[in-house]
Amino acid sequence: MGPNQIEFGRLVEYGPGGNSSILQVPNHNYVDTNNVDGTTTDSAAAATAMATGYKTHNYVIGKNAWYQSVPTIMELAEAKGYVTGIVVTSPINHATPAGFAAHNDDRNNYAQIATDMADSGIDLLLGGGSSSTYFGTQISNLQARGYAHVTDRAALAGVEALPVLGLFNQDYLTWERDRTDASTEPSLQEMVAKSITLLNASGKPFVLMVEGSQIDTACHSNDKVLLAHEVIEFEKAFKYAASFASNNSNIQLLVCADHETGGFTISGYDFSTPAPQETDSLAVKIQKRTNRANEIATHFLSTSHTSTRVYLGGIGPSTNQILNASHLVDIFQIMNASIDTITNITINTLRITSPGDMVVHESTRGKNISWIITSPNINVPTYAIFKNGSLLQGHENNSWSNNTPVIIDIDPLPPGIFNLTILASDRISVPARDSVIVTVLNDPPAISHPGPLEYEYGSTMQYLAWHVSDPSVSNGSVVIYQDGHCIYSGTWNSTDLVNITMRDLDLGIFNYTVVASDGIATSQDTSFVTVYNRNPTISIQEDVIYEKNGKGNYLSWHIMDNSIAIATFVILQDDIVIMTGNWNAMEPITICIDGLLPGKHHFMIIAIDGLGGTISDSVFVLVQDTTTSGIKEIPLDLGMISMCTGACLVVLSLVLVVFEKKSRVKMYKR
Ligand SMILES: [Zn+2]
């Protein structure tokens with residue numbers, strides 16, 4: 001209900017020269033209604049602002065912007081021994097009344113809100129919403145707790161004491177435009193009068209919240225006739241309350257809207273219907289109001305809420321503070337100032353310890369923050385923890401108890417700077433908070449060191465494998481260099497190894513450097529690979545002795561090598577090359593030595609693998625001639641062997657030169 005809706009009601013009911021009681025108050029101002037997000041409010045955020053002093057998000061009921069339950073003026077008053085009441089023409093657990101007596105993330109959770117309101121201890125609840133969709137599920141609960149339950153105006157009139165639950169429609173109450181003398185629903189004015197009577201008769205101080213709920217509904221429909229009747233009924237109800245307040249100096253009465261709806265404006269009027277008179281029948285009053293509403297030229301800009309500033313007026317204690325008010329949240333302060341003047345209970349008794357800010361390395365385990373919350377006024381102890389303003393999972397709305405630390409594990413935090421804030425409530429005190437700034441320093445990834453790797457030239461399936469891991473990330477980028485040249489660029493992950501298979505490496509020593517990144521920092525490992533050559537192996541041929549002209553004598557060698565490049569051999573007999581060729585591991589090299597002259601013969605085989613690896617074997621063959629007397633067996637002489645070998649090596653080097661020139665195959669690739 002914006003200022004123009006109030007003015008519209010005044011024109012219809014009293015005419016241009018008449019007064020609206022809403023505007024006839026000692027103190028008034030205009031206040032903003034925007035929600036905490038700086039956008040146009042809904043009824044939930046607006047009611048929460050008025051009832052708790054906290055701006056919040058749309059849809060949120062009785063909780064601040066961090067979804068933390070905060071005490072409502074009703075709860076604060078109840079804690080001080082007040083009796084409380086709510087009167088509306090909407091369902092009793094609709095957003096506005098809910099904002100004064102419930103705590104929920106979403107105004108549409110009617111069942112939870114109904115439970116919350118039933119448990120809130122509000123002593124008087126009058127309105128609509130008796131269906132099970134709204135408050136119907138709680139009727140029997142409240143009856144069991146001693147509430148009088150009434151469903152029509154006659155029964156309400158007969159109620160003599162609190163507590164009372166009056167639900168007069170399954171949904172919203174009937175439009176005032178449609179009221180007749182036979183209507184069974186009480187009017188807003190009747191409900192307010194009865195409420196003030198019952199609350200005042202309790203002998204205790206009281207807080208009553210009244211909403212003319214359907215002013216908003218009429219504006220959503222852009223229906224100025226419905227609007228006129230609802231505004232006028234609200235004004236009549238306020239007039240009654242103002243009269244009561246004017247006669248009781250300790251009564252604070254505030255009137256305000258939660259927001260404007262429709263962007264409603266008035267551009268002129270031309271009345272031909274006279275204003276309603278007290279002496280008119282109900283039917284005549286209603287007809288006159290309808291006619292006069294239609295005789296005013298109006299315009300709606302939208303069917304939604306607007307951010308138009310709304311009127312705030314007041315009578316009684318602390319209402320001079322209205323002059324300093326600028327937002328709906330100030331209404332809470334004005335009401336709270338009023339109830340504080342009556343009792344001396346301090347509500348700022350909730351305490352949270354304040355651990356210092358922390359700087360930690362991400363790889364250091366076992367880090368946590370520990371807060372201790374204490375309060376002598378525990379009603380509903382809840383806390384929530386926020387990480388950089390967002391609720392931390394698992395800490396949304398937990399319970400706490402005095403002197404039991406609330407501990408959060410900060411090990412899962414990745415590198416960065418985090419604001420960890422705890423908000424605690426006992427639902428009576430002003431909520432308390434503490435913030436800890438945690439700086440998590442990045443540690444670079446850890447890389448395993450697989451080297452050194454050494455293998456024989458020609459071996460296959462040789463590889464280096466690195467394991468990369470990091471405390472905060474499970475993968476990242478990796479680059480591998482061989483002797484400074486990039487040979488691989490890709491990613492690592494903590495469950496697999498980063499592999500490099502050695503392909504056709506030449507003989508030599510190679511360095512492989514892995515550089516792994518976690519997105520912030522890098523680390524590296526250098527491992528060495530040595531490719532070596534091993535000489536061929538050769539079977540040992542035993543020395544041979546045979547009789548002159550003996551048959552079937554031979555020498556045989558079996559040569560093997562793991563890394564054959566060019567497999568050649570040369571056989572020398574008494575330092576003379578008698579045979580050259582290629583060898584392979586599958587077949588032995590065999591030469592026949594029949595027919596040698598009697599005497600001692602020296603045979604040598606030299607095998608070459610083409611990579612600088614050689615092997616040789618030296619054999620003596622003694623051919624005996626036992627038919628010739630006087631010739632003795634010539635003993636094998638070591639001195640001779642070494643001389644012979646020395647000579648052979650000279651020959652060998654010549655042979656190698658020949659082979660080098662013949663064909664140098666491409667042995668490796670990068
Ligand atoms: Zn609305």
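Which residue in β3 is the bridge partner of G85? Keep that in mind while you set up the view.

This is a predicted model: local features need pLDDT of at least 70, side-chain atom pairs count only at pLDDT 80 or more, and totals for chains, interfaces and linings use all residues. Residues are numbered from 1 along each chain as its sequence is written, and side-chain values use heavy atoms, with hydrogens and water left out.

**Stop 1: strand β3**

Select residues 124-128, strand β3. Helices (H or I, at least four residues) and strands (E, at least two) are DSSP runs, numbered from the N terminus. Five of the five residues in β3 are buried. Buried means under 20% relative accessible area, exposed over 50%, partly exposed in between (1.4 Å probe, protein chains only).

Add strand β2, residues 83-91. Four bridges join β2 to β3, and the two run parallel. Two strands pair if DSSP finds at least two bridges between them. Now the opening question: the partner of G85 is L124.

Next add strand β5, residues 164-167. β3 and β5 also run parallel, joined by four bridges. Look for L126, whose bridge partner in β5 is G166.

**Stop 2: the three-stranded sheet**

Strands of a sheet pair through backbone hydrogen bonds, either parallel or antiparallel. Here, three strands form an open sheet in the order β1-β12-β7, with antiparallel pairing. Select β1 (27-31) and β7 (253-256) at the edges. Each has a single partner strand, so one side of each is left without a neighbour in the sheet. Neighbouring strands are turned by 15 degrees against each other on average, direction ignored.

Zoom in on β7 and strand β12, residues 310-315. Four bridges join them. V255 stands opposite G313 in β12. Now show α10, which packs on the sheet and touches β7 and β12. The direction of α10 makes about 160 degrees with that of β7.

**Stop 3: α10 against α11**

Keep helix α10 (residues 224-246) and add helix α11 (residues 282-294). They pack at an angle of about 125 degrees, with their axes 9 Å apart. Axes are lines fitted to C-alpha atoms, for helices over the stretch in contact, and angles run from 0 to 180 degrees between N-to-C directions. That angle makes α10 oblique to α11. Angles under 35 degrees count as roughly parallel, over 145 as roughly antiparallel, 65 to 115 as roughly perpendicular and the rest as oblique.

Show side chains at the contact (heavy atoms within 4.5 Å). On α10, pick K224, V225, A228, H229, I232 and K236. On α11, pick I286, R289, T290, A293 and N294. By class, this contact has five nonpolar, three polar and three charged residues. Ala, Val, Leu, Ile, Met, Phe, Trp, Tyr, Cys and Pro count as nonpolar, Asp, Glu, Lys and Arg as charged, and the others, Gly among them, as polar.

**Stop 4: α1 against α11**

Swap α10 for helix α1, residues 3-14. The axes of α1 and α11 come within 9 Å and cross at roughly 125 degrees. F8, L11, V12, E13 and Y14 in α1 meet R289, R292 and A293 in α11. This contact has five nonpolar, no polar and three charged residues.

**Stop 5: the five-stranded sheet**

Finish at an open sheet of five strands, ordered β24-β31-β30-β27-β28, with mixed pairing. β24 (453-456) and β28 (485-493) stand at the edges. Inspect strand β27 (residues 475-482) with strand β30 (residues 508-517): five bridges, antiparallel. I480 has V514 in β30 as its bridge partner.
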